[in-house]
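Me: Hello! Please choose one part of this structure and take a close look at it with me, after a short tour of the whole chain.

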Amino acid sequence: MDTQHPATTAHEPPGALPECAGFVELSVRLTGFDEFDLRGTGMVRLYHDTTLDQLGRAAVGRFLDDLAAAGGDPGALADEVSRDIARAITHLWYLGIWPSLARATHTALGRETPNTAFVVSPEAWTEGLAWRTFHGHPPGARPPGFGTWADPPPGTPPPGAPAHAAEGAA
């Protein structure tokens with residue numbers, strides 16, 4: 001992940017240093033969401049730091065090497081530890097929870113941190129990408145607005161329409 005600030009990109013004003021650019025690029029590959037959406041959560045620095053705290057820099061470096069060897073495709077990762085790391089980071093983005101790693105992964109990493117799932121912060125759950133996948137709202141945190149429960153979610157086919165009609169509605 002980022003140990004230094006890389007050069008600015010076309011998305012940023014001149015002189016701006018992108019925070020955690022390598023982590024965001026990795027997260028785009030793992031989640032399927034674009035940089036704008038990931039940065040819009042406000043969770044980039046927290047998730048970056050959580051990942052390093054839970055895995056250690058050496059393990060993250062090996063994971064990034066494995067991902068590069070897989071052509072940047074997380075689905076092509078051959079190593080069990082790397083696949084579990086990819087799963088954990090993806091889980092973090094979607095639910096705001098750092099998951100327990102597989103016992104074999106935790107053992108292979110040799111970390112002294114407890115291997116327990118935890119919510120990273122109260123905001124992490126409300127900013128989870130899971131809600132965005134179906135245009136939903138985290139219960140109790142962001143009310144959708146009075147009466148909105150009467151309307152179908154965006155992209156839902158009208159009653160009686162074939163299921164594939166939603167593809168054209170979105």
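Reply: Happy to! Accessible areas come from the Shrake-Rupley method with a 1.4 Å probe, and for residues only the protein chains shown count as cover. By that method, the protein chain has an accessible surface of about 9800 Å², and carbon and sulfur atoms account for 58% of this surface. This is a predicted model, in which local features need pLDDT of at least 70, side-chain atom pairs count only at pLDDT 80 or more, and totals for chains, interfaces and linings use all residues. Residues are numbered from 1 along each chain as its sequence is written, and side-chain values use heavy atoms, leaving out hydrogens and water.

The mean pLDDT (the predictor's confidence in each residue, from 0 to 100) of the protein chain is 83, with 79% of its residues at 70 or more. Residues 2-17 are a stretch to treat with care: their pLDDT is below 50, although the stretch has 22 contacts (heavy atoms within 4.5 Å) beyond near neighbours in sequence. Where pLDDT is low, the predicted coordinates should not be read in detail.

Now for the overall plan. The protein chain contains nine helices and two strands (DSSP runs numbered from the N terminus: H or I of at least four residues, E of at least two). Reading from the N terminus, the order is α-α-α-α-α-β-α-β-α-α-α. Of the 170 residues in the protein chain, 36% are buried (under 20% relative accessible area; exposed is over 50%, partly exposed in between, with a 1.4 Å probe and protein chains only). Taking contacts between residues at least 6 apart in sequence, 50% connect residues at least 24 apart.

For our close look, let's choose the loop between α1 (21-31) and α2 (35-40), where G32 sits. G32 counts as exposed because its relative accessibility is 67%. The C-alpha atom of G32 is 9.7 Å from that of T90, and these residues are 58 apart along the chain.

F33 brings us to the aromatic pairs (Phe, Tyr and Trp rings, using Trp's six-membered ring, with centres within 6.5 Å; planes under 30 degrees apart are stacked, over 60 edge-to-face, the rest tilted), and the structure holds five of them. One of the five joins F33 and Y94 edge-to-face, at 5.9 Å centre to centre with 65 degrees between the planes. This pair links distant parts of the chain, since F33 is in the loop between α1 and α2 while Y94, 61 residues apart, is in helix α5 (residues 80-95). F33 counts as buried because its relative accessibility is 14%, whereas Y94, at 21%, counts as partly exposed. Elsewhere, W131 and F134 form another edge-to-face pair, because their ring centres are 6.0 Å apart and their planes stand at 65 degrees. W131 is buried at 17% relative accessibility, and F134 is partly exposed at 45%. F23, Y47 and W93 together make one aromatic cluster.

Finally, let's follow α5, the helix that carries Y94, to its partner. Helices α4 and α5 pack at about 105 degrees, and their axes (lines fitted to C-alpha atoms, for helices over the stretch in contact, with angles from 0 to 180 degrees between N-to-C directions) are 10 Å apart. Here A59, F63 and D66 of α4 meet S82, I85, A86 and I89 of α5. On the way back along the chain, the axes of α3 (residues 44-55) and α4 (residues 57-69) come within 6 Å and cross at roughly 105 degrees. There, T51, L52 and L55 of α3 meet R57, A59 and V60 of α4.
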